[in-house]
Amino acid sequence: AQRLGILTGTVFNILDRVAGLFEPCYEQILLELRDSHYLHADETRWRIDGNNGYAWLFVNDEIAAYLFRGTRASCVPSEIFGYRAGIKLLQEAKAGDDTVAPDDKLIAKNPESSHAQQKANRPLVVSDRYTVYGMLDVQNQYCFAHLLRDMEGIKTGLKEIPKEVEAFCNALAPLLAESMHLSANRELSD
């Protein structure tokens with residue numbers, strides 16, 4: 001801003017006005033993520049205007065969305081996927097406002113379709129084992145790297161490893177490592 005001779009406040013004002021023009025694009029990105037076959041999700045601490053908050057990432061091979069929120073609660077990923085049918089919604093999950101009833105979109109994408117259809121149509125979300133992902137209207141898969149680390153932790157964390165546990169870890173660890181290697185070395189489409 002200084003190099004252009006514009007006040008910093010003016011730049012922020014311009015960006016704030018332009019951001020509104022891109023709101024339909026943002027909504028379309030979230031819809032495409034919700035309708036994708038699979039994606040990865042993660043969240044991490046982030047400072048927002050000097051306050052503690054969280055940066056959420058939802059990404060597949062084609063698109064990515066970053067959501068910056070002041071919470072690590074399930075209401076953030078539910079903005080994209082909604083909650084699994086049957087999950088009791090807490091009113092405070094709606095951005096801390098306990099006067100707002102949950103939106104229909106937060107319940108499920110297709111409440112009238114069969115369970116088998118719903119499961120087949122839900123995206124596969126690859127994530128760590130953070131519990132909020134299990135509340136969403138998605139299929140869940142744990143990240144292979146996290147699972148591999150867990151198996152290594154089992155082996156180093158126990159004084160005596162039962163033979164069955166050792167055999168299981170020894171058989172599964174190379175398979176997880178190989179699957180991560182295959183995924184990392186495949187070519188991505190343009």
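Is arginine 69 buried, partly exposed or exposed? At 24% relative accessibility, arginine 69 counts as partly exposed, where buried means under 20% relative accessible area, exposed over 50%, and partly exposed in between (1.4 Å probe, protein chains only). The tour returns to this residue after a walk through the fold.

**Before selecting anything**

The model is a predicted one, in which local features need pLDDT of at least 70 and side-chain atom pairs count only at pLDDT 80 or more, while totals for chains, interfaces and linings use all residues. Residues are numbered from 1 along each chain as its sequence is written, and side-chain values use heavy atoms, with hydrogens and water left out.

**The whole chain**

Show the protein as a cartoon and colour it by secondary structure: there are 6 helices and 5 strands, taken as DSSP runs numbered from the N terminus, with helices being H or I of at least four residues and strands E of at least two. Read from the N terminus, the order of elements is α-α-β-β-β-α-α-β-β-α-α. Switching to a surface gives an accessible area of about 13300 Å², of which 56% belongs to carbon and sulfur atoms; accessible areas come from the Shrake-Rupley method with a 1.4 Å probe, and for residues only the protein chains shown count as cover. Of the 190 residues, 25% count as buried. Among contacts (heavy atoms within 4.5 Å) with a separation of 6 or more, 42% are between residues 24 or more positions apart.

**The sheet**

Select the five strands together, and an open sheet with mixed pairing appears in the order β3-β2-β1-β4-β5, two strands being paired if DSSP finds at least two bridges between them. β3 and β5 (139-142) stand at the edges with a single partner strand each, so one side of each has no neighbour in the sheet. Neighbouring strands are turned by 30° against each other on average, direction ignored; axes here are lines fitted to C-alpha atoms, for helices over the stretch in contact, and angles run from 0 to 180 degrees between N-to-C directions.

Next, isolate β1 (residues 38-48) and β2 (residues 51-59), which run antiparallel and are joined by 9 bridges. Aspartate 42 has leucine 57 in β2 as its bridge partner. The two strands form a hairpin with 2 residues between them, and aspartate 49 in the turn has a positive phi of about 50°.

Add β3 (residues 64-69), which runs antiparallel to β2 and is joined to β2 by 6 bridges. Here alanine 55 is partnered with phenylalanine 68 in β3, and the hairpin formed by β2 and β3 has 4 residues between the strands. Then turn to β4 (residues 124-127), which runs parallel to β1 with 3 bridges between them; leucine 39 is partnered with valine 125 in β4.

**The helices at the N-terminal end**

Select helix α2 (residues 23-34), which lies across β1, β2 and β3 and runs at about 110° to β3. Then move to helix α1 (residues 8-21), where valine 18 is found; at 32% relative accessibility, valine 18 counts as partly exposed. Together with Ile14, Leu21 and Phe22, Val18 forms a nonpolar surface patch with about 400 Å² of accessible area. Patches are made of residues with over 30% relative accessible area and no salt bridge, like charges being joined within 9 Å and nonpolar side chains (Val, Leu, Ile, Met, Phe, Trp, Tyr) within 5 Å.

**The salt bridges**

Show the charged side chains as sticks: the count comes to 5 salt bridges, each defined as a side-chain nitrogen of Lys or Arg within 4 Å of a carboxyl oxygen of Asp or Glu.

Start with arginine 72 and glutamate 43, whose side chains meet at 2.9 Å, N to O. This pair links distant parts of the chain, 29 residues apart, with arginine 72 in the loop between β3 and α3 (75-81) and glutamate 43 in strand β1. Arginine 72 is partly exposed, with a relative accessible area of 30%, whereas glutamate 43 at 8% counts as buried.

Return now to arginine 69, which forms a salt bridge with glutamate 79, the closest N and O atoms being 2.8 Å apart. Arginine 69 is in strand β3 and glutamate 79 in helix α3, 10 residues apart, and glutamate 79 is partly exposed at 30% relative accessibility.

Finish with aspartate 137 and arginine 122, a salt bridge whose closest N and O atoms are 3.8 Å apart. Aspartate 137 lies in the loop between β4 and β5 and arginine 122 in the loop between α4 (115-121) and β4, so the pair ties together parts 15 residues apart in sequence. Both aspartate 137 and arginine 122 are buried.
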